[in-house]
Amino acid sequence: YQRRVHGHDRWARTVHTIIFIKRLERASDERRQLLDTPITTAPLSTQCWSVLTHSSLNTFLLCLPLSWFVWTKHLSDAWSFTLSFLSLIPLASMLGLFTEDLALRSSQTFGALLNASFGNATELIVSLFALSHGMNEVIKNSLIGSVLGNMLLVLGSSLMVAHDQHFNSEAVRVYCSLLLLASFGMILPTVFNTMPGVTEGMTLMVSQGIAGCMCVGYLAYMLFQLFTHRTLFDDVAEQEESPFYSMVVTVGGLLGCTLLISFQSNILIKTLEPAALQWNCSRGFIGVILLPIVGNAAEHATAVVMAYHKKMDIAVGVAVGSSIQIALFVVPFLVLLSAALGHDLDLNFGMFSAIAMLVSVIITHSLVADGRTHWLAGAMLLLSYGMLTISYYVIPDSHKR
């Protein structure tokens with residue numbers, strides 16, 4: 001009797017093994033067929049029309065020739081700044097579109113690295129032109145303004161339109177922890193600079209060392225998100241899509257947008273101070289409040305739309321993830337790059353900006369740590385951003401340090 005039972009068990013295990021192997025072979029055949037299927041793209045005219053009409057923000061492309069005309073004819077610095085500022089909004093949106101399409105052609109790891117590199121290309125290009133002109137304060141204001149804008153304005157707007165949703169609270173806690181690390185890296189040189197006997201050279205040395213640590217922290221975050229704890233961020237990932245544009249259109253669009261952003265950024269930086277004088281407002285207000293709108297406009301629209309369609313994980317990933325990229329990657333990268341180019345860019349953002357950064361991270365963490373959305377949380381974030389806007393508009397440039 002025992003032999004008969006063991007014989008039936010062996011037969012059952014054999015049958016299950018055969019079924020399992022057949023399933024693996026069927027899945028492998030389906031995957032091979034999917035990989036062998038060529039990527040079909042639309043005609044070139046259809047692709048170009050799709051690029052121009054994919055967003056209503058592209059209406060501001062009309063500001064491109066107008067800004068060139070006003071700039072070359074030396075008509076008005078304020079109008080040159082305004083038109084170049086508005087023209088950067090659709091260019092940043094198109095740059096993100098081509099980057100996402102190129103990322104779909106590669107592996108998930110390389111696609112994530114590509115998005116991390118080009119996701120904040122507009123802020124990086126504007127900062128590089130400001131660095132070449134020695135406008136370190138403009139760089140600091142625009143970068144910390146991008147972080148604050150994504151955390152408070154973009155996330156707050158997303159929470160306002162999200163109707164009682166749940167999202168990945170564990171991923172949010174990781175995001176906020178990284179932002180606290182970035183805030184710590186910004187506060188330390190600021191406080192260190194106020195100590196008696198400390199010189200600017202010592203502050204610069206401390207900033208460069210902390211910038212190296214922040215870059216290591218960003219690499220650790222990428223390793224954590226892409227390899228060791230990928231399942232933690234599965235809900236944040238979007239559904240797989242196929243690329244729409246051809247390789248020629250994608251690469252050509254990336255190069256064209258980069259060149260146009262570089263040209264417009266040059267006009268923007270050269271006319272910033274004259275525009276601030278004509279408008280009777282501080283450079284800090286333009287750098288912290290106005291300039292981040294250029295790079296965050298497309299992300300703002302994407303996050304709000306995703307939150308409205310009950311995809312709050314993606315909205316949080318867009319808003320807070322972009323803040324992490326700027327705070328832990330763009331800021332320390334520019335500090336180290338300035339050291340290589342012989343410029344003195346440090347992490348001393350001023351006591352006011354450093355405290356605003358830290359308190360904003362604490363407020364954001366306290367409102368989204370439970371993984372639930374309600375309109376009051378969005379209203380509190382938007383009110384916090386309004387307080388910062390009023391403060392930066394009133395405080396003169398000489399009192400920000």
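Is Asp346 buried or exposed? Let me start there. Asp346 is buried, with a relative accessible area of 14%. The cut-off for buried is under 20%, so Asp346 falls on the buried side. Keep that residue in mind. I will come back to its partner shortly.

A word on what you are looking at. This is a predicted model. The chain has 401 residues, and buried residues make up 47% of them. Its secondary structure is quickly told: 15 helices and zero strands. Now the contacts. Take those with a separation of 6 or more; residues 24 or more positions apart account for 84% of them. As for the surface, the chain exposes about 20500 Å². Carbon and sulfur atoms supply 65% of that.

Back to Asp346. How many salt bridges does the structure hold? One. Asp346 forms it with Lys140, and the closest N and O atoms are 2.5 Å apart. Where do the two partners sit? Asp346 lies in the loop between H13 and H14, and Lys140 lies in helix H7. The pair therefore ties together parts that are 206 residues apart in sequence. Lys140 is buried too, with a relative accessible area of 5%.

Next, the core. The largest nonpolar core has 95 residues. Which of them touch the most other members? Met151, Leu155, Leu291, Met312, Val316 and Met357. Helix H13, residues 312-341, gives this core its largest share, with 14 residues. As a general point, nonpolar side chains in soluble globular proteins tend to be buried together.

Look at Met312 in detail. Leave out residues up to four places away in sequence. Met312 then touches Leu155, Ser158, Leu159, Ala162, Gln165, Phe167, Met306, Ala307 and Thr373. So Leu155 is on that list.

Leu155 turns up again with Thr364. Thr364 lies in helix H14, residues 351-368. This threonine is buried, at a relative accessible area of 2%. What does Thr364 touch, not counting residues up to four places away in sequence? Met151, Leu152, Leu155 and Leu381. Two of those names, Met151 and Leu155, were also in the group that touches the most other core members.

Now out to the surface. There is a nonpolar patch of about 410 Å². Its members are Met160, Trp375, Leu376 and Met380. Helix H15, residues 375-394, supplies the largest share, three residues. Met160 comes from helix H7, residues 136-161. That is the helix that holds Lys140. Why does Met160 count as partly exposed? Because its relative accessibility is 34%, and partly exposed runs between 20% and 50%.

Three loops next. The loop between helix H2 (44-53) and helix H3 (63-72) holds Leu61. Leaving aside neighbours within four places in sequence, Leu61 is in contact with Leu52, Pro90, Leu91 and Met94. There is also a distance to look at here. Leu61 and Ser84 are 23 residues apart along the chain, and their C-alpha atoms are separated by 9.8 Å.

Move on to His74. This residue is in the loop between H3 and helix H4 (77-103). His74 has a positive phi of about 55°, although it is not a glycine. Is His74 buried or exposed? Exposed, because its relative accessibility is 68%.

The third loop runs between helix H8 (169-193) and helix H9 (200-228), and Val198 is in it. At 18% relative accessibility, Val198 counts as buried. Val198 touches Phe192, Asn193 and Thr203, again not counting residues up to four places away in sequence.

Last topic: cysteines. How many disulfides does the count come to? Zero. Cys213 is in no disulfide, and the nearest cysteine sulfur, that of Cys215, is 9.4 Å away. Cys215 is in no disulfide either; for Cys215 the nearest cysteine sulfur is that of Cys213, at 9.4 Å. The cut-off is 2.5 Å between the sulfur atoms. Cys213 counts as exposed, because its relative accessibility is 56%.

To recap. The chain has 15 helices and zero strands. The largest nonpolar core has 95 residues. One salt bridge is present, and Asp346 and Lys140 form it. The disulfide count is zero.

Note on methods
Residues are numbered from 1 along each chain as its sequence is written. This is a predicted model: local features need pLDDT of at least 70, side-chain atom pairs count only at pLDDT 80 or more; totals for chains, interfaces and linings use all residues. Side-chain values use heavy atoms; hydrogens and water are left out. Patches are made of residues with over 30% relative accessible area and no salt bridge: like charges are joined within 9 Å, nonpolar side chains (Val, Leu, Ile, Met, Phe, Trp, Tyr) within 5 Å. Accessible areas come from the Shrake-Rupley method with a 1.4 Å probe; for residues, only the protein chains shown count as cover. A salt bridge is a side-chain nitrogen of Lys or Arg within 4 Å of a carboxyl oxygen of Asp or Glu. Helices (H or I, at least four residues) and strands (E, at least two) are DSSP runs, numbered from the N terminus. Buried means under 20% relative accessible area, exposed over 50%, partly exposed in between (1.4 Å probe, protein chains only). A nonpolar core is a set of buried Ala, Val, Leu, Ile, Met, Phe, Trp, Tyr and Cys residues joined through side-chain atoms within 4.5 Å. Contact means heavy atoms within 4.5 Å.
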